[in-house]
Amino acid sequence: MASTTATAAEGRPRGEAPRAKGTLYRGDLGMWSWVAHRITGVLTFFFLFVHVLDTALVRVSPNAYDTVIETYKHPLMIVFELGLLAAVLFHAFNGIRVMLVDFWSRGPSLQRPMLWTVLVLWLVLIIPAAISMITRAATELFGG
């Protein structure tokens, strides 16, 4: 009796390497962009949630609010600010790329060059910001 479903080997285009058993993703750059977009979105949402909570403290207890704000002034928090900046910048640039891929007729064919453009723009902006912010943190921590 013949089977009506094709095996994985029959359904694969010629010349394509077989996929390892148990893996769904091949680790293409587009997949990692998707993962990074989701992670940066969640991190930004978490920041906004915490920001709303700590700002709401001003009505509940101004002293507690002042204490929280003082902890934010610690030089170590500059590292978290840098992480937030990196997440927001990547999420914003990649979000524009996703909209172009979805709503521009040439978007799907240009998605890979647009992703490289996003990464280059992100690096061009985040590297000077990182140098500036880390220098400021080091100066505050170790004196200058």
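Leu89 makes contact (heavy atoms within 4.5 Å) with Trp122, Leu125 and Ile126, once its neighbours within four places in sequence are left aside. Keep Leu89 and Ile126 in mind, for both belong to the largest nonpolar core, together with Ile78, Leu82, Ala86, Ala130, Met133 and Ala137, eight residues in all. Two helices, H4 and helix H5 (111-142), each give this core at least two residues. A nonpolar core here is a set of buried Ala, Val, Leu, Ile, Met, Phe, Trp, Tyr and Cys residues joined through side-chain atoms within 4.5 Å. Buried means under 20% relative accessible area, exposed means over 50%, and partly exposed lies in between, with a 1.4 Å probe and protein chains only. In soluble globular proteins, nonpolar side chains tend to be buried together.

**How to read this model**

This is a predicted model, in which local features need pLDDT of at least 70 and side-chain atom pairs count only at pLDDT 80 or more, while totals for chains, interfaces and linings use all residues. Residues are numbered from 1 along each chain as its sequence is written, and side-chain values use heavy atoms, with hydrogens and water left out.

The score pLDDT is the predictor's confidence in each residue, from 0 to 100. Its average over the chain is 86, and 82% of the residues reach at least 70. Where does the mean pLDDT of an element fall lowest, and where is it highest? Helix H1 (residues 8-11) has the lowest mean, 52, and helix H4 (residues 76-103) has the highest, 95. Over residues 5-9, pLDDT stays under 50, and the model has zero contacts there beyond four places in sequence.

**The overall fold**

The chain holds five helices and zero strands, so from the N terminus its elements read α-α-α-α-α. Helices (H or I, at least four residues) and strands (E, at least two) are DSSP runs, numbered from the N terminus. Of the 144 residues, 18% count as buried. Among contacts between residues at least 6 apart in sequence, 65% join residues at least 24 apart.

**Two buried residues in helix H2**

Is Ser33 buried or exposed? Ser33, which sits in helix H2, is buried because its relative accessible area is 4%. Not counting residues up to four places away in sequence, Ser33 touches Phe90, Asn94, Arg97 and Leu115. Thr40 also has its place in helix H2, and Thr40 counts as buried because its relative accessibility is 9%. With residues up to four places away again left out, Thr40 touches Ala87, Phe90 and His91.

**Three residues with more of their surface open**

The table pairs each residue with a partner elsewhere in the chain.

| Residue | Relative accessibility | Partner | Separation in sequence | C-alpha distance |
|---|---|---|---|---|
| Ser132 | 47% (partly exposed) | Leu82 | 50 residues | 9.9 Å |
| Phe142 | 71% (exposed) | Pro75 | 67 residues | 10.0 Å |
| Val98 | 31% (partly exposed) | Pro108 | 10 residues | 9.5 Å |

Ser132 has its place in helix H5, and Phe142 lies in helix H5 too. Val98 is found in helix H4.

**The largest pocket**

Rolling a probe the size of a water molecule over the atoms shows where empty space is left. On a 1 Å grid over the protein atoms alone, a pocket is an open set of points with protein on both sides within 12 Å along at least five of seven lines, whereas a cavity is a set where a 1.4 Å probe fits but cannot get out; lining residues have an atom within 4 Å of a point. The largest pocket contains about 530 Å³ of space. Grid points are joined across faces, edges and corners, and the volume is the space filled by probe spheres set on the points.

Which residues lie nearest the centre of this pocket? They are Phe47, Met77, Phe80, Glu81 and Leu84, out of 17 lining residues. Helix H2 (29-60), helix H3 (62-72) and H4 are the elements that give two or more residues to the lining. By type, the lining has 12 nonpolar, three polar and two charged residues. Ala, Val, Leu, Ile, Met, Phe, Trp, Tyr, Cys and Pro count as nonpolar, Asp, Glu, Lys and Arg as charged, and the others, Gly among them, as polar.
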